[in-house]
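Visitor: Hi, I'm new to this one. Could you show it to me and let me ask a few things?
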Amino acid sequence: MSPHAAEEDAANAYQSLSETTAHDDPRWAFGTGVEAASGIDGAAEITSPVPDGVDPADLAAYCRMLGDDALIYSHRLSEWVSNAPELEEEVALANTALDLLGQARVLLARAGHVEGLSGRGRDEDALAYERTDAQFQNVALAELSDDLDFARAVARLLIFSSWRLALLHRLLGSADPVVAAVAGKGVKELAYHRDYAARWTLRLGDGTDESHRRMQAALDTLWPYVGELFRTSDEERRLIGAGVAVDPADTRAEVDAVLDEVLAKATLTRPDRPFIGTIGGRSGRQGVHTEHLGHALAEMQSLARQHPDTTW
């Protein structure tokens, strides 16, 4: 098959997927066309008051959770710069990392401000560079190493962006103005991330025998970490009632539907692998992580720890 024919087939495959009539939701076609809910101020101040009836400690923890997911995964994506198979993919992955880093900065700044209301405030840099791995609250999927396997990078981005897009879309109406503002901008960014990952999933899954094998192997490797995405922490449960947070378990049907359709079109099989359980009922949200996070932090925090008083 000529390169031109191969590209045309890939485009047709994606077109048939994105134009499916099974979804009336305008977010379909991998999230394109999402508009922020009315009334959300994208320039919400970090110092906005904590919503009435909300425990500041719970709000700070929730912002750390969402911020840590974005920060750690952003770092992992940045590792592809100079390592991606093509320059265009390096740019795409770097831009994705920057989108997530922007989300992380706002969320961690909000967490630090809310902490400060009880006299323990930290700025975004302190939260990023001065915490140990046990103090981070990100999900394990964000911290895993891709081991420079591009298929694994694509599979993880597809899973992560599908989940986070569903989550942030539900947070457009959050009672916390900063969380709502992050969601308002984030859904547009994540729509692109999911679209990019879905296109590459189709290209690799329905490509050569080798690309299909590697894409399926990547999904098999990552699948045990998917279950954690839908676990609900104690802080989230309390904030759901206050209208600040949403239950991640409620995103499962939507995420499953997206992944099932993409994988089917890409001739890939949904892995039949058990999810990795918790340790004493605790996982990433409670500071229990894989060995991958320590390695990531050693690199990400090295300069700040060597020169703690440096300003730029």
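Visitor: Okay, where is Thr267 placed?
Guide: Thr267 sits in the loop between H10 and helix H11 (291-300). Keep in mind that the model you're looking at is predicted.

Visitor: What's the phi of Thr267?
Guide: Phi of Thr267 is near 60 degrees, which is a positive value in a residue other than glycine. Most residues other than glycine have a negative phi. Thr267 takes that positive phi just after H10.

Visitor: Is Thr267 buried or exposed?
Guide: Somewhere in between: Thr267 is partly exposed, with a relative accessible area of 39%.

Visitor: And the helix just before, how many residues does H10 have?
Guide: Helix H10 (residues 252-265) has 14 residues. From first C-alpha to last, H10 reaches 20 Å, close to the 20 Å expected at 1.5 Å a residue.

Visitor: Which residues of H10 are buried?
Guide: The buried ones are Glu254, Val255, Asp256, Val258, Leu259, Glu261, Val262 and Leu263.

Visitor: Let's zoom out. How many helices and strands does the protein have?
Guide: There are 12 helices and zero strands. Reading along the sequence, you get α-α-α-α-α-α-α-α-α-α-α-α.

Visitor: What share of the residues counts as buried?
Guide: Of the 312 residues, 53% count as buried. The protein exposes about 14100 Å², and carbon and sulfur atoms supply 51% of that area.

Visitor: What about contacts between residues 24 or more positions apart?
Guide: Those account for 79% of the contacts in the protein with a separation of 6 or more.

Visitor: Switching to rings: how many aromatic pairs are there?
Guide: A search of the whole structure turns up five aromatic pairs. In one of them, the rings of Phe150 and Trp200 have their centres 4.9 Å apart and their planes at 85 degrees, so the pair is edge-to-face.

Visitor: Which helices hold Phe150 and Trp200?
Guide: Phe150 is in helix H6 (residues 150-170) and Trp200 is in helix H7 (residues 177-205). With their positions 50 residues apart, the pair links distant parts of the chain. Phe150 and Trp200 are both buried.

Visitor: What lies over the face of Trp200?
Guide: Arg203 does, at 4.3 Å from the ring centre. A similar thing to look for is Arg131, whose charged end sits over the ring of Phe136, 4.0 Å from its centre.

Visitor: Back to the pairs: how are Phe160 and Trp163 arranged?
Guide: Phe160 and Trp163 form an edge-to-face pair, 5.8 Å centre to centre, with 70 degrees between the planes. Both lie in helix H6, three residues apart, about one turn of the helix. Phe160 and Trp163 are also both buried.

Visitor: Which cluster do Phe160 and Trp163 belong to?
Guide: Ring pairs link Tyr73, Phe160 and Trp163 into a cluster.

Visitor: H6 keeps coming up. Is H6 mostly covered or mostly uncovered?
Guide: Mostly covered: 19 of the 21 residues in H6 are buried. H6 reaches 30 Å from its first C-alpha to its last, close to the 30 Å expected at 1.5 Å a residue.

Visitor: What caps the N-terminal end of H6?
Guide: Asp149 caps that end, with a side-chain oxygen 3.0 Å from the backbone nitrogen of Ala151.

Visitor: And what about Asp147, where does that residue lie?
Guide: Asp147 lies in the loop between helix H5 (140-143) and H6. Its phi is near 50 degrees, a positive value in a residue other than glycine.

Visitor: Why does Asp147 count as exposed?
Guide: Because its relative accessible area is 55%, and exposed means over 50%.

Visitor: Last topic: which helix is Arg305 in?
Guide: Arg305 is found in helix H12 (residues 302-306). Arg305 is partly exposed, with a relative accessible area of 46%.

Visitor: Which residues does Arg305 touch?
Guide: Leaving out residues up to four places away in sequence, Arg305 touches Tyr129, Glu130, Arg131 and Thr132. Take Tyr129: Arg305 and Tyr129 are 176 residues apart in sequence, yet 7.3 Å apart in space, C-alpha to C-alpha.

Visitor: How far are the backbone oxygens of Tyr129 and Arg131 from a polar atom of the side chain of Arg305?
Guide: For Tyr129, the backbone oxygen lies 3.5 Å from a polar atom of that side chain. For Arg131, the backbone oxygen lies 3.3 Å from a polar atom of the Arg305 side chain.

Terms used. Residues numbered from 1 in each chain as written. Predicted model: local features only at pLDDT ≥ 70, side-chain atom pairs only at ≥ 80, totals over all residues. Heavy atoms only, no water. Helix = DSSP H or I, 4+ residues; strand = E, 2+ residues; numbered from the N terminus. Buried < 20%, exposed > 50% of the residue type's maximum accessible area, 1.4 Å probe, protein only. Contact = heavy atoms within 4.5 Å. Areas by Shrake-Rupley, 256 points an atom, 1.4 Å probe, with all protein chains shown as cover. Phe/Tyr/Trp six-rings, centres within 6.5 Å; stacked < 30°, edge-to-face > 60°. Lys NZ or Arg CZ within 6 Å of the ring centre and 35° of its normal. Expected span 1.5 Å × (residues − 1). Polar contact = N/O pair within 3.5 Å; in protein donor to acceptor, adjacent residues only side chain to side chain.
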